[in-house]
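Subject: Structure for you to look at

Hi,

Here is the structure I promised to pass on. Have a look at it first, and my notes on what turned up follow below.

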Amino acid sequence: MKFTLSWLRDHLDTEASVDEIADTLTDLGLEVEEIVNPAEKLKTFTIGKVLKAEKHPDADRLRVCNVATDEGEKQIICGAPNAREGITVVICKPGDYVPGIDVTLSVGKIRGIESHGMMASERELELSDEHDGIIELPSGEVGDSFADWLAANDPAKVDPMIEIAITPNRQDALGVEGIARDLAARGLGTLKTKDIAPVAGTFDSPIKVTIDDDTLDGAPYFSGRLIRGVKNGPSPEWLQARLKAIGLRPISALVDITNFFTFDRNRPLHVFDADKVQGDLRVHRAKGGEELLALDEKTYTFQEGMMVISDDRAAESIAGVMGGEESGVTGETVNVFLESAYWDPITIAHTGRKLKINSDAKYRFERGVDPEFTRPGLEAATAMILDICGGEASHVVEAGAVPDTTRAYKLDTARCSSLVGMDIPAETQRATLEALGFTLDGDMATPPSWRVDVKGEADLVEEVARIASLTNLEPKPMARATAGVPAPILTPLQSRERTARRTAAALGYNECVTYSFIDEATAKLFGGGDEARRVANPISSEMTHMRPSLMAGLLQAAARNQARGFADLALFEVGAIFHGGEPEEHEIMISGIRVGATGPKDPHGARRDVDVYDARADAEAVLAALGAPARAQFMRGAKRWWHPGRSAKITLGPKVTLAAFGEVHPKILRELGIKGSAVGFGVHLQAIPAPRAKGTARPALAISDLQAVERDFAFVLDADVEAVTVVNAAQGANKALIEEVRVFDEFIGGSLGEGKKSLAITVRLQPTDKTLTDEDIEGVAASIVAKVTKATGGTLRG
């Protein structure tokens, strides 16, 4: 929303400066986006007087002028035909920037004679396109500021323009009067009230208006009148200057008047060339397929249900959005039909978006204009048309009725303190609402018709606080519910998320935040893509399904980084994955991937490609930080997006999976455009058993003072038996005594025969209550042999 200072002062009696007004508007919630002050670029120019003007000795069209300035008498060479002795001029001195010619002046020589500056024309100062001669001022003293002279004698040329941002709930500020009302309520001036006298009609309008019954919900009220005998020439200079200042192009008097009321009173209007309208006007719903050549010279096709204004021949206007070219006014127009109507905001918004039109009228109607100003707006515009264009007005024709927006809410003056934390006296609250146009009856407040955004008691408090200024709000700490150190507020799962993030970051990973939605093809790669996880209303074709794994987003991020030259990556994410479409069918995980090498090249050869053991180490580090049991098992059977021979899952028995790690399947990497190999891990945060101790203190370090015992075992197995099967079986022989099982040798072939191998393991026994005897050790050894033999079918090697 743009307006000028002089325009604002038509509605507000104030002496406030532009800066004061701008600061106040922003504080009121009408954020100032730009201020254009023409006086700023003129502040260095001063007034001078030509004392003598003689012909240049080497140029017929140049004059050597002696000019009185604030710095004394100066010699200036001038080629303007009106440069002569005795005139008062505008002086641009050396060092001044002249905007119209984009030049910073300096002392120069013209045909051998020095010139100390210049005397400016209007075009050189960007005041107008006039450049036939230099500016001649009718008054002014030598040395006075030219900008100050303009402010006193021709203020339109230095009228500051202010642009503010409009939030969707402040449609009343789309008119200069609404802005002035806010400033007056704050105390920055006095609102000027303007009574609108009805214009008496002298004849019946030959054009009548009807609204179809099925359209009354979208067009509840329509008023208009015919004005005959108008002269549609250029609009007055004051009106053209105001429109130009806010970026509008003056077109003709009639069009400029409608544009003026759009910005002055937030009342969009439209004028039809009455001689081009055949029969009466009808507001109705389009059947679909009708076309209209609009004022923007584009042809629009109506969809079924859109509101249209038609005459007896065809559509003439897109109701509340834009008029038609064929019935538009021109310089030859002598009879016009002036329209002022109220349209349903939702209907106008749908029509504008479907037709992709964004006009000033649509912008206001879709936010909601003042319904009760529909008829007064018609009367005010009629008076201006008669004043500027002449003519004779008919009686007003109407259809429908102005919708009743009357509503009242209780004003509880004590709520201001509880809702916004400001103690404002009750008298001040009531005076503020009355200044904003509210009507008070006891403790009931009725919003004005132009404030359709006020819909409850809290809105009354907001208005009071806004005018009082939220900058006066004193910050106060919230009172504690109980004294002392507050209890933790994070849930155990939230604490785990935080710990997992910190651990991954400490391992050298960078955190990613990706969408929970992915495309169907990618979802199917990770076991998803079914109908249960399809999004009902996706925001794009690439976000149609809930993600079944965090790996999808991480690998896509890695591919984007590789495409931009970043080959070595370590990325992680903490977030939800979805096993189905129901609310409970999701869980929180942390997943990470490593791509490329472990580090940059160095002279020691430490750089190597990442491998499955890097992923295993990272998974174990995260599990350890989260307090997972140390005696977990490693098993095959990870999800299908992992490499089948270079991956594993970490479990607590056959049913509880804590994590998975390994190389990503080459097929997945090809589908997602990853170059080279990638390793990763995923930890199920909710699967980790909760610690038995509820406190935050670490338990005492338990170290046995008894001697540990290690025993080696070698088993002859089938070649396809996995080492992890042997390790898991041995660990299960005696969980209380066996502290660690590790593989230290593998032998294949030789005397073992075809399809056989020997696998050697070391088992460490750690007693806690007594020293182990030979019988104890032999008993555990026998149990280990029995467990491994049962699990693998192998035998103890002799």
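Phenylalanine 272 and phenylalanine 337 are both buried. Please keep in mind that this is a predicted model. Phenylalanine 272 and phenylalanine 337 have ring centres 6.5 Å apart and ring planes at 50 degrees, so the pair is tilted. The pair joins distant parts of the chain: phenylalanine 272 belongs to strand β17 (residues 270–273) and phenylalanine 337 to strand β24 (residues 335–342), with their positions 65 residues apart in the numbering.

In total, there are 10 aromatic pairs. Another of them is formed by tryptophan 7 and phenylalanine 260, whose ring centres are 5.4 Å apart; their planes are at 5 degrees, so this pair is stacked. This one also links distant parts of the chain, since tryptophan 7 is in helix α1 (residues 5–9) and phenylalanine 260 is in helix α6 (residues 253–264), 253 residues apart. Tryptophan 7 and phenylalanine 260 are buried as well. Ring pairs connect these two with Trp238 and Phe261 in a cluster.

Phe260 and Phe261 turn up again in a helix contact. Helix α6 packs with helix α9 (residues 374–389) at an angle of about 145 degrees, and the two axes are 10 Å apart. The crossing is right-handed. On the α6 side, the contact is made by Ala253, Leu254, Ile257, Phe260 and Phe261, and on the α9 side by Ala380, Ala381, Met384, Ile385, Ile388 and Cys389. Sorted by class, that contact has 11 nonpolar residues, with no polar and no charged ones.

Two arginines are worth a look too. The charged end of arginine 181 sits over the ring of tryptophan 450, 4.1 Å from the ring centre. Arginine 228 lies over the face of phenylalanine 203, with 3.6 Å to the ring centre.

Trp450 also leads to my last stop, as one of the residues that aspartate 370 touches. Is aspartate 370 buried or exposed? Its relative accessibility is 15%, and the cut-off for buried is under 20%, so aspartate 370 counts as buried. Aspartate 370 is placed in the loop between α8 (360–365) and α9. Leaving out residues up to four places away in sequence, aspartate 370 touches Arg267, Ser449 and Trp450. From aspartate 370 to valine 283 it is 87 residues in sequence and 20 Å in space, C-alpha to C-alpha.

Happy to go through any of this with you.

Best wishes

Notes:
Residues numbered from 1 in each chain as written. Predicted model: local features only at pLDDT ≥ 70, side-chain atom pairs only at ≥ 80, totals over all residues. Heavy atoms only, no water. Phe/Tyr/Trp six-rings, centres within 6.5 Å; stacked < 30°, edge-to-face > 60°. Helix = DSSP H or I, 4+ residues; strand = E, 2+ residues; numbered from the N terminus. Buried < 20%, exposed > 50% of the residue type's maximum accessible area, 1.4 Å probe, protein only. Lys NZ or Arg CZ within 6 Å of the ring centre and 35° of its normal. Axes fitted to C-alpha atoms, helices over the stretch in contact; angles between N-to-C directions. Left-handed = near helix turned anticlockwise from the far one by under 90°. Contact = heavy atoms within 4.5 Å. Nonpolar A, V, L, I, M, F, W, Y, C, P; charged D, E, K, R; others polar.
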